[in-house]
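Q: Got a minute to go through this one with me? I'd like the overall figures, then one helix.

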Amino acid sequence: MDYLPIFCKLENRDCLLVGGGEVAERKARLLLEAGAKITVNAKTFNEQFQFWGAQKQLQLATGEFNPELLQGKWLIIAATDSNEINQQISEEAERQHIFCNVVDSPQSASFIMPSIIDRSPIIVAVSSAGRAPVLARLLREKLEAILPHHLGQLANYAGYLRKKVKATYKTITERRRFWEKLFVHDRLAQSLANNDSDQVEKLTQSLFNEPVVDRGEVVLVGAGPGDPGLLTLKGLQQIQQADIIVYDRLVSDDVMNLTRRDAERVFVGKRAGFHCVPQEQINQMLLEQAQKGKRVVRLKGGDPFIFGRGGEELETLYNADIPFSVVPGITAASGCSAYSGIPLTHRDYAHSVRLITSHLKDGSHLDWQSLAADKQTLVFYMGLSQAENIQKQLMLHGMEANTPAAIIEEGTTTKQKTISGSLQELSNMALQARSPSIIIIGSVVALREKLNWFSHNS
């Protein structure tokens, strides 16, 4: 983070605003809304400042800027039309360890002003770290459109209920489940918006009368191949509701950053040739956490039912009568091929696609004769260590040595690297790649030269 977002309580606290024009006026409105005690310093003031001064809403200090004005102030805003004066204010504030915002000069400021969506007490702040204020404003407008105006009433009502909820429900999990039900209750929200106190009381009491389910559940969520934008909306909702998230190495940091901040995270990463946590232990962990009443999300790279052992984990839960569900994800084959400009099927080149895991001994379990047939695309998961054997077996069973092949490393992420060549070069190509990678073999790989839109690394 370039800036730590914080919310300042400025009610009845002395603040200094330097500037008496239109820009300073916009900043003054924000400070007034926050309840600050404002001193405004400028040589001249516009009509709005003069009105505020006459109404005793703020104090006007006419004249040149004087560093003595900073004494006892909690926060400073420099909003003059002189870069030199603004810089002087910033330097003096820095010397006195007072936070200072400099309008249109984020590099000189110790804090910046975000775009604000006000649903008090719910406040949403959007910042571009001063680099793209128009973009921040556009994002604010989009959020304004989707956030209902009654959010503030709902938040205030939740504050009113906090003591009762704490007295009624003894565990954090029970309280969280109650709040989740309350905040998604459409009729309650509408009643609050309509100021219908009788209906609000009736609906609230019905929520308290409903039993809080102590029984936990497990949701298998496919995290996709890496790009957080490829996480499904339902997957995002699940990871933001989880009490505990069990995840592996193939789940990108960008996806993990979308999870709920206070959720417990358990890493069970797996690497080729090395298992940090045995699969049986993972199965048992999911079971035990659900039995404690936790909402558990098992977050898997790609799709949990494609070489993700999701079926094995669910069998354990089924045998213990634990509720479970599955949110599919975009599998690596689909995501990596798309981001590399390699269509998995094509009317002229490939009528079918085969997804193969080569992470099993020497690959002797595979039907190589069938895999070497024409008009199909082969996608090998976890195949780097077996690249030499894949090359040997396919050529031995009749696949042409010049068949196009590609290895896609860290597909769909900003670190994506694609190595292109032919089947006879596959083993050498694998030496240039690292895990996680997938291997794609087939005539469709040749289309990458025309269709590659995402990355030109090779």
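A: What follows covers the whole chain, then one helix; the model is predicted.

Q: How many helices and strands are there in the protein chain?
A: The secondary structure comes to 17 helices and 19 strands.

Q: And what radius of gyration does the protein chain have, against a compact globule of 458 residues?
A: The protein chain has 30 Å, while a compact globule of that length would be near 23 Å. Along the principal axes, the C-alpha atoms fill a box of roughly 90 × 60 × 40 Å.

Q: What share of the residues counts as buried?
A: Of the 458 residues, 45% are buried. The protein chain exposes about 25200 Å², and carbon and sulfur atoms supply 50% of that area.

Q: What about contacts between residues 24 or more positions apart?
A: Such pairs make up 62% of the contacts with a separation of 6 or more.

Q: Charges: how far apart are the mean positions of the positive and negative ones?
A: They are 4 Å apart, with 50 positive and 51 negative charges in the protein chain.

Q: Now the helix, α11. What does it span?
A: Helix α11 runs over residues 279-291, which is 13 residues. From first C-alpha to last it reaches 19 Å, close to the 18 Å expected at 1.5 Å a residue.

Q: Which residues in α11 are buried?
A: Q279, I282, N283, M285, L286, L287, Q289 and A290 are buried. In general, residues three or four places apart on an α-helix point the same way, because there are 3.6 residues a turn.

Q: And what comes just after α11?
A: G293 does, with a positive phi of about 90 degrees.

Notes
Residues are numbered from 1 along each chain as its sequence is written. This is a predicted model: local features need pLDDT of at least 70, side-chain atom pairs count only at pLDDT 80 or more; totals for chains, interfaces and linings use all residues. Side-chain values use heavy atoms; hydrogens and water are left out. Helices (H or I, at least four residues) and strands (E, at least two) are DSSP runs, numbered from the N terminus. The expected span of a helix is 1.5 Å times one less than its number of residues. Buried means under 20% relative accessible area, exposed over 50%, partly exposed in between (1.4 Å probe, protein chains only). The radius of gyration is taken over C-alpha atoms; the globule rule is 2.2 Å times the number of residues to the power 0.38. Contact means heavy atoms within 4.5 Å. Accessible areas come from the Shrake-Rupley method with a 1.4 Å probe; for residues, only the protein chains shown count as cover. Lys and Arg count as positive and Asp and Glu as negative; His and the chain ends are not counted. The place of a charge is taken as NZ of Lys, CZ of Arg, CG of Asp or CD of Glu.
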